[in-house]
Amino acid sequence: MKTTEPTTEPPAPVPVTVTKTDGTPGRPAAAPKSEGRVLNVFSHGLLVLWAVMVVLPLLWAVMTSFKDDRSIFSSPWALPRTLHLDNWSRAWTEANMSDYFLNTVLVVGGSLIGTLVLGSMAAYVLARFDFPGNRFIYYLFIGGMSFPVMLALVPLFYVVNNMGLLNTLHGLILVYIAYSLPFTVFFLTAFFRTLPVSVAEAAFVDGASHTRIFFQIMLPMAKPGLISVGIFNFLGQWNQYMLPTVLNTDPDKRVLTQGLVQLAVSQGYKGDWSGLFAGLVMAMLPVLAAYIVFQRQVVQGLTAGALK
Amino acid sequence: MQHGKYRFIVGFLALPLGLYALFVIWPFIQSIYYSFTDWTGLSPEFKTVGLGNYRRMLDDQIFWKSLWHSLLFALLVPLVTIGLALFLSFMINAGGRRRKGGPAVSGVRGSSFYKIVYFFPQVLSIAIVALLFAFAYNPDSGAINSFLRGIGLGGVQPLWLGDPDLALWCVMAVLVWSTVGFFVVLFSAGMASIPADLYEAALLDGADRADTFFRVTLPLLWDTVQSGWVYLGILALGAESFAVVQIMTTGPGGPDYSTTVMVLYVYQKAFRDGQAAYATTIGVALLVVTLAFAAVVMRLGRRERLEY
C-alpha cells in the first residue's frame, strides 16, 4: 500500500489557509475559509462511518464467541460477563473444527503448489515460444475466467465420480488446480513477457536445456509474480465454498467453509450458538492476522490482476 | 533457441492443459450437450429431447424469478459497490484540507489506516461473511435489530431475511459490504497515479471538487472502473451470489423464491431434484447472460483511451 501511494500522508496539522473555492459535492461555496474545514469534517465523518461499519460486525462476532448461549440471545450487544473460553475448546474438538482446519490446510497446500507449478509451466511456454496453436491455447485458458463455473459443475460431478475421485482430498486438489489455472496463466503469461530474454539466451548458448533454464533461471526471476499470484490463489482456494459444496459431500472430508455452514445448520438443533461463533472467529482470525502482517503483498496480489 | 523446442513445449503444456481440458473444458461441452437430453444425473441412460428443456424453461416461473434476481445482482451490486468505492476513495485521496504551498489535492490523515480496515472483508471467505450476517439479521437476537432497539428504534424491527420483500436486498447488501474495500484500494492506487498538475490546472480554471471528480478523476479511472464492473458482475452472477443466497436465505432461495438466483437454481435442479439435464439448460442460460453482460458493459463503457 505504501508503495502505491507517494504523497497522500500529510504530516502534522498545519493552520488552515484555504483561499480557493473548493466545495463539497452539492454544497455551494459559502465562506471559503470554513469550507475546507467543513469538507474535512464531512469526508472524515463518512470515512470513519464506513470503517465502523466494517469493523463492528467483526468485533461483534469476536465478542459473541466469548459469551454463553443465553446472553447471546437476551442481549446481543452486551459485553461478556465472564470470558467463556470453553466455547473455543468445544468448537475445536467437539465441533470438529480441528479436522476442518487440517483438511483445508492439506487441500490448499496441495493445490497451491500444483497451481503455481503447472500454471507457470504453461504460462512460460505460452509467453516465450512461438508455435502453431499458441494463441488458441492461451484464449482457451483465459476464457475460463468469464464462464460460469456452476455450468461445468453438473457434469464435473459425474466425471469426478467416474474417476473415483469424488469425496477425496486429492480429487478436490486436482479440481482446485484446474479452476485456478485461467487466472494464473493469464497473470503469469503477462509477467513472463516482461522478463528480459537475454539471460535465458545466454544460458542456452552455454548448453543449458530448456527445462533447466526454466527451473533455474526463469522461475527465480519470476518470483515477484509468483508471490502475487500465489497470494491471490491462496485466498481464493482457502475461501472456496462452491467447489467443495458440490464435489466434497463426505462429512469427514469437509473443508473449513463447508464445515462452518454445516455447523450452523446442525447447531440449530443442538443450540450451541456460542460454539459456532467461536468456530467462525477461529476461521476468520488466521486470515485476518496474515493479512495484517503481509498487508502490502496481499493488496498487491489481489489487485494485480484487476489493474492489468 | 530451437533445439528440442517442440519436445519441451509439449512436455510443459501436456499436464496443465490436460488437467484443464478434463476438469473444465470437457464438462462445459458436456453440459451444453446434456441440455438437449432428458438426463437425470441419477442413471446413465438418457435420450435427446431436442429443445424440450428450453421450452420448459421459458414456462418456468421460478426460472424467470431467478433470472430477474441474477440480473439485479449483476447490475445493482457493482453499481452500488463501485459508486460507494469511488466516493470513499476520492475522499481518502482528495478529501484532505488544502494548505498553502501544498499540493493541489491531498489525502486525509490516516489514509492508509482506512485502506487497511476497508480491505478486511476481502480476505474473508464469502461463506463466513454470509454466516456472520445471517446471525446479525436475526429478527429477535441479531445484532442489527438489537442495535435498533438500543438507539430507541424499538418500533422498527424488520424480519430482514424472513421478509420476502426485503430478503433480496439484505443479501445484496452483504455482497456490497464485502467488496467495497477491494475497490477502494484499487481506485486509490489509480488515483494516486494521476499527476497532480492535472488537478492544479483544474483548480486554476475554477473547478470545485465535484467538477474535479467528474471531469478529471473519473475519466482517467474509467478503464479500471469498467474492468472492475465486469469482474464484479461475473462474481455476482456466479460463485458469490451462490454462497450468500444458499447460506443466508431459508429454503434456500428465500421465502416464496424471493431470493433465488440462477446459479442456485442450477445447483438445486442438479443435486437436489435429480434433473441434471434441466439444470444444465438453466446453466446455459446463465452462460448467455454472463457473456451478454460482459459484452454490454465493455461496449457501453467504450471511450477513447486517455493517455497521461
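Two residues are in contact here if their C-beta atoms, placed from the backbone, lie within 7 Å. Helices (H or I, at least four residues) and strands (E, at least two) are DSSP runs, numbered from the N terminus. This is a predicted model: local features need pLDDT of at least 70, side-chain atom pairs count only at pLDDT 80 or more, and totals for chains, interfaces and linings use all residues. Residues are numbered from 1 along each chain as its sequence is written, with chains lettered from A and ligands numbered from 1 in the order in which they are written.

I'll start with helix 12 of chain B, residues 262–271. Nine of its ten residues are buried, so the rest of the structure largely encloses this helix. Buried means that 20 or more other C-beta atoms lie within 10 Å of the residue's own; exposed means 12 or fewer, and partly exposed is in between, with C-beta atoms placed from the backbone. What covers the buried residues of helix 12? The cover includes helix 6 (149–162) of chain A, and from chain B helix 3 (61–94), helix 10 (209–237), helix 11 (239–248) and helix 13 (276–300). Helix 11 of chain B is itself mostly covered, with ten of its ten residues buried. Among them are E240(B), F242(B) and Q246(B).

One residue to look at in helix 12 is V266(B), which is on the list of buried residues there. Leaving aside neighbours within four places in sequence, V266(B) is in contact with M150(A) and V154(A), and also with A279(B), I282(B), G283(B) and L286(B).

That leads to the nonpolar core, meaning a set of buried Ala, Val, Leu, Ile, Met, Phe, Trp, Tyr and Cys residues joined through C-beta atoms within 7 Å. The largest one has 177 residues, and L280(A), A130(B) and V266(B) touch the most other members. Helix 8 of chain B (residues 167–192) supplies the largest share, 17 residues. Domain 1 (16–64) and domain 2 (90–307) of chain A both contribute residues, so this core lies between them; the domain bounds come from an automatic or database domain assignment.

Next, helix packing. Axes are lines fitted to C-alpha atoms, for helices over the stretch in contact, and angles run from 0 to 180 degrees between N-to-C directions. Helix 5 (residues 134–143) and helix 7 (residues 169–194) of chain A have axes that come within 7 Å and cross at roughly 130 degrees. Helix 5 of chain A is therefore oblique to helix 7 of chain A. By the convention used, under 35 degrees is roughly parallel, over 145 roughly antiparallel, 65 to 115 roughly perpendicular, and the rest oblique. Y138(A), F141(A) and I142(A) of helix 5 meet residues of helix 7 including P182(A) and F186(A).

Helix 7 of chain A also packs across chains. Its axis and that of helix 1 (residues 5–34) of chain B come within 9 Å and cross at roughly 100 degrees. These two helices are therefore roughly perpendicular to each other. The residues making the contact include L174(A) and Y179(A) on one side, and P16(B) and F23(B) on the other.

Last, the records. An unreviewed UniProt entry places "transmembrane region" features on chain A, including residues 100–126, and on chain B, including 67–92. UniProt positions are given in the numbering used here, feature names are shortened, and annotations may be inferred rather than shown by experiment. In the model, residues 100–126 of chain A are 100% helix and 0% strand, with end C-alpha atoms 37 Å apart. Residues 67–92 of chain B are 100% helix and 0% strand, with end C-alpha atoms 37 Å apart.
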